[in-house]
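Dear colleague,

I am handing over a structure to you with this email, and below it you will find a short account of what was found. Please keep the structure open beside the text as you read.

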Amino acid sequence: MADPIFIERLPAAGHEWIDRDQRLCFSFEGRRYGAYAGDTISSALWGNGVRLLGRSFKYHRPRGVYSMCAHDANVMLENGETLNIRGDTTLVEDGMDLTAVNTVGSLRYDLAGLTDRMSGFLPVGFYYKAFHTPNWMFPNWERMIRDIAGLGKVNPAAEWKPSPKGYDACDVLIVGGGPSGMAAALAAGRAGSRVVLVEDTRCLGGSLCYAGATAPESVATINSMRDEIAKLENVEVRLNTSVRGCYSENWLAMIGPGGMTKMRATAVVVATGAYEQPAVFRHNDLPGVMLGTAAQRLAHLYRVKPMQRALVLLGNDYGYGVALDLKAAGVEVAAVVDLRETIGKGELVHDVKTAGIEILAGQCVYEAHPAGGLRGIKGARVCPVNSDGTCISTTGINVNCDGIVMATGWAPAGDLIGQAGGRLNYVQDAAQFRPDELPPGMFAAGRVNGVFGVDARVEDGGQAGGQAAAFAVGKELPARRRPTDEIIAPSHPYPIVKHPKGKAFVDLDEDVQIKDIVNAAKEGYDSAELVKRYTTVGMGPSQGKISNLNSSRILAKATGQTIGAVGYTTFRPFTQPTTIGELAGRRFHPDRRTPIHSRHQAAGAVFMHAGAWLRPEYYGPRVRHQAIVHEVQAVRHSAGIIDVGTLGKIDVCGADAAEFLERMYTGRFSDLTLGRCRYALMCDESGVVIDDGMSARLGDDRFYVTTTSSGSAAIVREMKRWAMIWGLEVTIIDHTGQFGALNLAGPESRNILGRLTDLDISAGGFEYLGFREAVVAGVNCRLMRVGFVGELGYELHVPAQHAAALWDAVIEAGQPEGIIPFGVEAQRLLRMEKGHQIIGQDTDGLTTPLEAGLAWAVKMTKPFFIGQRSLKIVEPRPNVRALAGFVMHDSTVMPSECHLVVDGDEICGRVTSIARSPTLGHVIGMAYMRPDQTTPGTVIDIRVEGRLVQAEVAKLPFFDPSNERQKS
Amino acid sequence: MSTTAFRTSPLHSELEQLSPTWTMVAGMQAASCLGDNEMHLLETVALCDLSFLPRLGLNGPGVTGWLQTQDIEVPAAMYELATLSDGSSVVRIGTNEVIIEGVPGAGTIDKLTAALATDVKDVFNVTRNEASLALAGPAAADVLAQTCSVLVRDLLEQALVYTRVAGVSAAVFQQELNGCNCVRLVFDPSYGIYMWRELLKIIAEYGGGAVGFACLFPESQ
C-alpha cells in the first residue's frame, strides 16, 4: 500500500495540541493518511486536504468540519466493531481503519444522495401522511425505513468489553475548565472544599485555548490559573471527562477515560460555556462552511489551515477576532460580512480595518455556491439585509472563497441546569437565553451565565465558587453581583436568511430546513416541543445544541410570538451521545451458589438458574430425560439426595413468636408442640397465596420456618415490617444464606441416616412431621421428617460452612444403597406424582387457597391472619376455578405448562404442571379448570398449538394415595 | 456423636484452583499462602479470603446485659466496632443485635459459645457463616469505588456500614491488618464465589491478585 498522505501544518505554536514528534497512520474510506498524535480524526483529514468527511442523515448531503466540538453529527465513523465515532473529537489512533456511516456505496459516491434531489417530495412530516395508506403496504414501508435509517450496523457477535463504572463524591463539582470554571475551582479550593474540576477536553483553559486574537491575554491567564490549581491539594482536575447527566440531589453522571463515574456533589458550579450558533442560509451545510470557533480550533489547536480564502460572516465583535485569526493562519480573508448595519468600534474591528480586510456591513450571505457536486464551495453571494433576516435585494455581489466562517452568536450550554430543574429565560438585549432560576446547590458562571469577557468570566467564576463552597458547608451564601462585561450583545438576534430554493439548514443532524419549521408552524405546531416532534429538529445526535435556538427564532417569527414565549425544549440526559456499553458498566448480575455447589459440579450437574440461585437441574453424563428418570427411580426404589439450601430459612424468636406466626400464616402455631413441624401457608391481604414452607417449634419462644427459594427475601422483609407494625416482642433472624440444607429421600434413607447419628430415627422415635436437633456426621443439625417427594425423607439443615461435610458424609454412607444426587427436575416430577403444589407454578397472582386445594391449611376460626378478611368474603361464593390433576393415556401431542383448558369457546383454566411419570408410565399433570370439571373421570380439552387434546381428570395424589411411603 | 466436622469456606473451591498452602484455623482449612508474589500484590491491591474467622451472632433483648456478665462491653452506638483484649471485634448492628468476630488464636467466641450452651434468657445464638473478604493495598479504595457507592474515605474508623457491593448486600468496614489498611467485606456466603470472581476481575486491571491470609495475620503461622 502507498505511503500515507501527509500535508504539513502551520508552523508550530506553544499552545498546539498535536505532538509533531509522533506520526500516526490511519486509513479513511480505503485511503491512507498521516496524522500527529493529538489530532482528532477530523483535524487530521482536514489537514490532509480531505473536505468530504461524511454524509447527512436524511438527504445524504456532503458534510465536513462544522463545529469541531462534538456537534459534528454528520461526521460519524466506523472503526471495525466500534460504531458512531465522532470525528471532530475522537483522537486518531495508529492503524485505525475508518469508514463513514450512513452511506450506500461509498462516501464519495453515495447512491442514497439521490434523496437530496428528491427532497421536494420528502418534507418533514411526510412520513406521518404517506405510510399508513394503504394499510397493507405499511410493513413494506417499515422494512424499507428500517433498512435506510440508523447510523452504522451493530455487530451482535462483537466481543463484549466491560466499561468500568465508579462512584465518587465531592463538596464542589465544577463542570467546565474554562476561565470561569478555573476561577470557581480556585475560590472553592481556597475555601477548603474538596473540589473536582471536570473538563471535557484534554487541558484546562476552555475557549481560551484557541482564543487567539479574540483574547490575546489568554495564554498568560490560563497558565497562571493552572499553576495555582495544581498547588491546591484539595482540587482534583479530571480532563477528557464530560458530565453527561444531572439528576436529583446533585447526582451527576460523568464519562471519562475510566468509564462512568457516578458523582455525588454537595454543590455544583456549571461553567460549561456556550455553544456557538450557526447562521442559516442556502447551502450553509456544505464542506467549507463552519463555525468561527471550529476554524479557530483547527488553526490554533491542530495547526491546520481551515481554508485558503475565507468569507467571514459575523454578527458580533467576536467574529472580527476570528477574521484576524484566519489571517494570522495564512488564510486570505476575502471579506468580513457583518449582519449588523452599524459595526462595532472595538479594538478588533479596528485591527481588521488596519489589516486591510474589507468589511461589508448590513450584509448577509444569501447563498453559498457549491463546488464539485456539493463537495465544497467556491464562493458566496452577499446581499444587503435587514435585522430580521429579510434580504433587501438578492442581486448582491459574488465573492470567491473556498470557506465561509460564521460567527453570529451563542447559546448557553445550559443542559445540566435544565436537567436539574433550573430555568433559562430569553434576554432580549443579549439575544440569548440565560439561567434564571437554579436549583439549590447549583451555581452558574461564565458564558453559560451570559458573561463573555475574559476578566468578567474569571470574576463570575470566583463568585460562583465562593458560593458553592459556602453552600457545601451550610454557610450563608456570600452576596453575588453580575460582573461588568465589555461585550453587551454577543449574539445576533436573527442570523437567518430565507431562500426561495431552500436548502437553508437549521439542523444539520436531521436535515431540517427553514421551510420545515415554517410549515410546522402553519400546521399548528406552535411550541418548541411540538415542532421538535413534528420536524425532528434537535432530535439528532447533537440534540439541538446548534439548532434549537435558530429553530425557536424561526418559529417565533412564523407564529408572531416572542422567543421567550416559544421557549426551548426539555433538557434530558445525556448531554452527549453515550454508548450503551458505558451505561451498562461491568454488568453486575449476582448469582448465588449453595455451599454444596462444588459437589454438584464434581458430580456432573447441569445447572439452571432459579431466580438468583444456580441449582442442579439434573446430573450428567446421561442426557436430560434419561438422567431425570434415573434420578426419580433412585428416589422411589432406594435413596436420593437433593440440595435444598436455596429454601428460605428463618428463626422467629421472642415471647410473641407464636402469636406473630399465627398472624403471618394461615395455620395454627400456638398448638404446635416441641419436636413437631407443620406445613405453613402464607397469603397476602387479598387472600392470594404467596408462599409456603415448613414450620417447626424449637422452644417455647422460638420457631423455625422455611419459605420458597424465590420468596425468602420478600417474606423476611414482610415479617420484619409486620413485626414493627404490630409491635410484638419478636425477633426475625434470616438464616437463608447462613444455612445449608439437604433432603435425603427414599425407602433406604432411614438406613443411611442411621449410620451418621445417634438419634433415634426409628419410625416410632422420629415420626412423620417430627422435628429434631441432633448431631449428624459430626455436625449440629436441624432435622425435619417431611415428604415433599412422597417418600420416607429427612430434611437436614446445618450451618453453611458444614453443609459440604454433611453432604459428603451422606453420600458416603449411602454407597451401599446406591444413593445418588437428584436435581430440581426430578424433584418436580416426584412431587407432582404426589400431587404437591409449587407456589408460583401451580398458583398465580390471583390464586386463593380455596382454589388451589389448600383450604385444609387455612384455619378460618383463628382471630386473625393476613388475608383472612378477604377469604371470608370469597369463601361463601362458588369458586370460578379449581386446581385438579389429570392424566393422559394418549400423549402423542403433549401439552406444555400454560396451555389452556377450554370448553368450546370458553377458557376454563390452564395447565400448571405436566410431565411423563416414569413411575406411573403415563403423562400426569395439574391444571386449573371449572369446579364442575374436577370430578375424576371428566374429560377435559386442552388447546395445544391450535388443536384440542383430551385429558382425563384424576384424583390427587397420583402416587401412594394413602401416604404410606412418606409416613413409613 | 459429637461435633467434629470441618468447616468449609464458601470460597474453598476457588482457592483450591490457586494451589494454596492450607492451614487449619478454627476448624476450617484456610488458604494461608497463594504464592511468592503476595507482598508485591499488597503494594497495589490484593484480595484475601477471611471466611475462616469465627463469628458469633447474638440477638434478643438480653444480649447487652448478658455480654456484660461475660466482661464484654458492647458499643453504645449502632454500627460502632470495638476491639476486645484478645483482638476479637464486637459490633452492635441493632438495638438487640451484636456480632463478634474472632481472630486466629483468640478465645472469646469459644468461651461465649460454651456459655450459651445453657439456655440464656432473651439471648438467641445466630449462626454467622458469612463470606468474609479483605481488600488490601493502596488501590483498594479504587476497587471499592467501582463496586460500591460508599467510598473508603466515607468509612469511619471503628464503624461499619451496610451497603451494596457489586450488587450484593454487605457489611463494609476498615481494618488495619499487619500494618496494611484493608477494606473488609462481610456478606451472605451464597454470593461468595460471585463476589470473589467479580472483585478479582477488577483487581487484575490494577495489577493485583489474590493472597493468602498469612500476609495479613503473620502471627497465626
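**A barrel, a helix pair and an interface**

In this predicted model, Gly885(A) has Met926(A) as its bridge partner in strand 45 of chain A. That pair belongs to a longer match, since strand 42 (residues 882–888) and strand 45 (residues 923–929) of chain A run antiparallel and are joined by seven bridges. Both strands are part of a closed barrel of six strands in chain A, which follows the order 42-45-44-43-46-47 with antiparallel pairing. On average, and with direction ignored, neighbouring strands of this sheet are turned by 45° against each other.

Elsewhere in chain A, helix 8 (residues 318–328) and helix 9 (residues 347–354) have axes that come within 8 Å and cross at roughly 40°. The two helices of chain A are therefore oblique to each other, and helix 8 passes helix 9 in a left-handed crossing. On the side of helix 8 of chain A, the contact is made by Tyr320(A), Gly321(A), Ala323(A) and Leu324(A), while helix 9 of chain A brings Leu348(A), Val349(A), Asp351(A) and Val352(A). Sorted by class, this contact has six nonpolar, one polar and one charged residues.

Finally, how many residues of chain A are in contact with chain B? There are 35 of them, and they meet 33 residues of chain B. Strand 8 (165–175), strand 36 (731–734), strand 39 (779–784) and helix 22 (800–813) of chain A each supply at least two residues of this side, and the largest share, six residues, comes from helix 22 of chain A. The residues on this side of chain A divide into 17 nonpolar, 12 polar and six charged.

With best wishes

Note on methods:
Residues numbered from 1 in each chain as written. Chains lettered and ligands numbered in written order. Predicted model: local features only at pLDDT ≥ 70, side-chain atom pairs only at ≥ 80, totals over all residues. Contact = placed C-beta atoms within 7 Å. Helix = DSSP H or I, 4+ residues; strand = E, 2+ residues; numbered from the N terminus. Nonpolar A, V, L, I, M, F, W, Y, C, P; charged D, E, K, R; others polar. Pairing = 2+ DSSP bridges. Axes fitted to C-alpha atoms, helices over the stretch in contact; angles between N-to-C directions. Parallel < 35°, antiparallel > 145°, perpendicular 65-115°, else oblique. Left-handed = near helix turned anticlockwise from the far one by under 90°.
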